[in-house]
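Colleague: Could you take me through the largest pocket in this one, with a bit of the surrounding fold for context? I'd like to know which residues line it and what sort of residues they are.

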Amino acid sequence: MAVRLEVEGIRAVARLGVSLEERSLPQPVELGVVLWLREEPQHDSLEDTVDYSVLDAVVPRVLAEEHRLVEQLAAHLADAVLAALDGARLERLEVRATKLAPPLELPGSQVSAVVAREVAS
């Protein structure tokens with residue numbers, strides 16, 4: 001793995017939670033996507049890498065759906081990003097979904113799920 005691209009700090013809201021009450025109001029989430037390239041780009045050209053701008057379409061589409069588990073949100077997003085990129089030039093993909101205001105009494109707590117996908121050669 002020569003290059004790892006990290007898209008971090010994607011802040012949005014999602015209908016996310018185990019209970020209906022929790023899902024009734026959008027919950028703040030933060031997302032991150034890590035893309036491992038099979039090889040380092042040889043030229044300073046988009047054709048030699050992956051076009052992470054697909055996230056502009058994929059993230060809102062995934063967040064428009066309800067999810068009970070933060071783990072499922074991360075998995076759904078990982079699969080959607082992988083499908084949008086068609087595995088092009090990727091060796092591995094990782095998605096982190098963080099629930100910024102989970103129903104915990106611990107001050108400042110957050111809950112994250114990280115899902116990884118290996119891309120077949």
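**A look at the largest pocket**

Modeller: Starting at the N terminus, the order of elements is β-α-β-α-α-β-β, so to speak the map for what follows, with three helices and four strands in the chain. Keep in mind that this is a predicted model. The C-alpha atoms fit a box of roughly 50 × 25 × 25 Å along the principal axes, and buried residues account for 39% of the 121 residues. Of the contacts between residues at least 6 apart in sequence, 63% link residues at least 24 apart.

Now to the pocket itself. The largest pocket comes out at a volume of about 150 Å³. Three strands each give two or more residues to its lining: β1 (3–14), β2 (27–37) and β3 (90–99). β2 gives the most, with five residues. Going through the lining by number, you meet Val7, Glu8 and Gly9, then Glu30, Leu31, Gly32, Val33 and Val34, and after those Glu94, Val95, Arg96 and Thr98. Sorted by class, that lining is a mix of five nonpolar, three polar and four charged residues. Glu8, Glu30, Glu94 and Arg96 are among the lining residues, and each of them counts as charged.

One more detail, this time about rings. The charged end of Arg92 sits over the ring of Trp36, 5.0 Å from the ring centre. As for rings pairing with each other, a search of the whole structure turns up zero aromatic pairs.

Notes:
Residues numbered from 1 in each chain as written. Predicted model: local features only at pLDDT ≥ 70, side-chain atom pairs only at ≥ 80, totals over all residues. Heavy atoms only, no water. 1 Å grid on protein atoms, 1.4 Å probe; cavity = no way out; pocket = protein on both sides within 12 Å on 5 of 7 lines; lining within 4 Å. Points joined across faces, edges and corners; volume = space filled by probe spheres on them. Phe/Tyr/Trp six-rings, centres within 6.5 Å; stacked < 30°, edge-to-face > 60°. Lys NZ or Arg CZ within 6 Å of the ring centre and 35° of its normal. Buried < 20%, exposed > 50% of the residue type's maximum accessible area, 1.4 Å probe, protein only. Contact = heavy atoms within 4.5 Å.
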